[in-house]
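Work through the exercises below with the sequence and the model open. Try each task before you read its solution.

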Amino acid sequence: MPYSEAFRLAIATIRGAKLRSFFTLLGIIVSVGFLVTVVAVIQGMNLYVKDNLTDAIIGANAFQVRRTPISIGLADDDQVRRYNLRPIISHDDALAVQRALPDAEAVALQSGNASPIENVTYRSNTLGGVRLLGVTPPYQSVQDYKFVAGDPLAETDMRGRQFAIVVGYDIADKLFASPETAVGSTVRIAGYEFTIKGVIAAKGKTLGQSFDAFVLMPMPTFESLWGRRGTTVVSVKMRDAEAIPGAMNRAEEAMRIAHHLRPEQEDDFAVDKADALVAFWKQLTQLLFAVIPAVVGIGVVVGGIVIMNIMLMSVSERTREIGIRKAIGANQRDIRRQFLIETILLSSLGGLIGVGSGWGLAQLVAAVSPLPAKVTLWSVGIALALGAGTGIIFGVYPAARAARLDPITALRAE
């Protein structure tokens, strides 16, 4: 039997039992659709973090000198214990970095995690969940903050330990009629009164997290009320991205000298830039990628077993047809080819429908969320290969069983 004839018969059989074919393929469709959708969403999240989150947290053309690396969330217990023994980043450290980087656009100190979360109250109105940060004035340059009303924090606010603050746009928007009204007003935070000096333009939301619900206050004022917090961070902004690698090396040398580290001693600090945050995020998503093959594999095996059982049932139902074909000249190879091609076509069709379903779900995610879900060619290739491979593996036994049927016995079947 030529291959074209085997394909024609397989297509006719599948078309003749559309509903049964669909339910036969359900396992393959769900597994392949899951694979394509999850990969598209993860790739979209990677792009989103790279394009939006890193600049919002660290700042453009900036890096940080930290007590612990950004990727501490992936460290084991022993590493975390060693990180916790590291000295706190001090004001003298920030000065050492500043002296080593005279070409830096800004060098700033900021209070590190965990930032205190407090309510901000103006008269009878209260806004909860506001993040407080103690900063030196250059921090506002590192973050490229634009002011819609009032002025930024200044060195005089630092020296005078003023109870002056600048606020994110959400606070002015939800507690006051306008940003201009907010400037000069007094709000209460944790029982203390602060005067709003400026309002920062909105930066919007990322993954549902607002970047406009925060309060900046002078570092000395913050530390007098909430302490050192133990994880002060030095943020450095360079004038262009090309200057960052060299600046990071000089900052590292300055920190090692400031901490009196001998050549054989490892750093007791971390110098990270936005790439570290992206790498940290990719490490997290790699954990998801490690789980996907197991989940998809289970679905494919279950789907393959269903296909094999349905094909065995099909062989039983078509025993007389097989007997007639053998009686008019078909040999074992022809019968085996016919059933194997039918199984491969069936599972490949499941793979195609699964890819289409996954692509549709990815487009839906992109339409209703800020994630640019992106279907990748390699995930489509793997999905289609899974579909065809399942047909080959689980179609061999039913095809062989059909081929081995005795023609006389098959002709007598009802």
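**Exercise 1. Pair strand S1 with its neighbours.**
Task: Which residue in S12 is the bridge partner of Ala-62? Then find what else pairs with S1, and decide whether S1 is buried or exposed.

Solution.
Step 1. Ala-62 has Lys-237 as its bridge partner in S12. Helices and strands here are DSSP runs, numbered from the N terminus: helices are H or I with at least four residues, strands are E with at least two.
Step 2. S12 covers residues 233-237, and four bridges join it to S1 in the antiparallel sense. Two strands pair if DSSP finds at least two bridges between them.
Step 3. S1 also pairs with strand S13 (residues 270-273), antiparallel and over four bridges. There, Val-65 stands opposite Val-271.
Step 4. Now check burial. Buried means under 20% relative accessible area, exposed means over 50%, and partly exposed lies in between (1.4 Å probe, protein chains only). Five of the five residues of S1 (residues 62-66) are buried, so the strand is largely enclosed by the rest of the structure.
Step 5. Look at the two faces. Ala-62, Gln-64 and Arg-66 are buried on one side, and Phe-63 and Val-65 are buried on the other.

Before going on, note the ground rules. This is a predicted model, where local features need pLDDT of at least 70, side-chain atom pairs count only at pLDDT 80 or more, and totals for chains, interfaces and linings use all residues. Residues are numbered from 1 along each chain as its sequence is written, and side-chain values use heavy atoms, with hydrogens and water left out.

**Exercise 2. Do the same for strand S6.**
Task: Which residues of S8 and S11 are bridge partners of Val-167?

Solution.
Step 1. In S8, the partner is Val-199. S6 and S8 run parallel and are joined by four bridges.
Step 2. In S11, the partner is Val-215. S6 and S11 (residues 214-218) pair in the antiparallel sense, over two bridges.
Step 3. Check the faces of S6 (residues 164-167). Ala-164 and Val-166 are buried on one side, Ile-165 and Val-167 on the other.

**Exercise 3. Find the largest nonpolar core.**
Task: How many residues does the largest nonpolar core have, and which have the most contacts inside it?

Solution.
Step 1. A nonpolar core is a set of buried Ala, Val, Leu, Ile, Met, Phe, Trp, Tyr and Cys residues joined through side-chain atoms within 4.5 Å.
Step 2. The largest has 26 residues, and Ile-335 and Phe-339 have the most contacts inside it.
Step 3. H2, H11, H13 and helix H14 (377-403) each supply at least two residues of this core. H2 gives the most, with eight residues.
Step 4. Follow Phe-339. Not counting residues up to four places away in sequence, its contacts (heavy atoms within 4.5 Å) include Met-311, Val-315 and Ala-399.

**Exercise 4. Place a glycine in a helix.**
Task: Where is Gly-358 found, and is Gly-358 buried or exposed?

Solution.
Step 1. Gly-358 is in helix H13.
Step 2. Its relative accessible area is 0%, so Gly-358 is buried.
Step 3. Leaving aside neighbours within four places in sequence, Gly-358 is in contact with Gly-33, Val-36 and Thr-37.
Step 4. The C-alpha atoms of Gly-358 and Ile-29 are separated by 9.1 Å, yet these residues are 329 residues apart along the chain.

**Exercise 5. Examine two positive phi values.**
Task: In which loops do Asp-144 and Ala-190 lie?

Solution.
Step 1. Recall the background: most residues other than glycine have a negative phi.
Step 2. Asp-144 has a positive phi, near 55 degrees. Asp-144 is in the loop between helix H5 (138-142) and strand S5 (147-150).
Step 3. Ala-190 also has a positive phi, about 55 degrees. Its loop runs between strand S7 (186-189) and strand S8 (192-200).
Step 4. Check accessibility. Asp-144 counts as partly exposed because its relative accessibility is 32%. Ala-190, at 39%, counts as partly exposed too.

**Exercise 6. Take stock of the whole protein.**
Task: How many helices and strands are there?

Solution.
Step 1. The protein has 15 helices and 13 strands.
Step 2. Of its 414 residues, 46% are buried.
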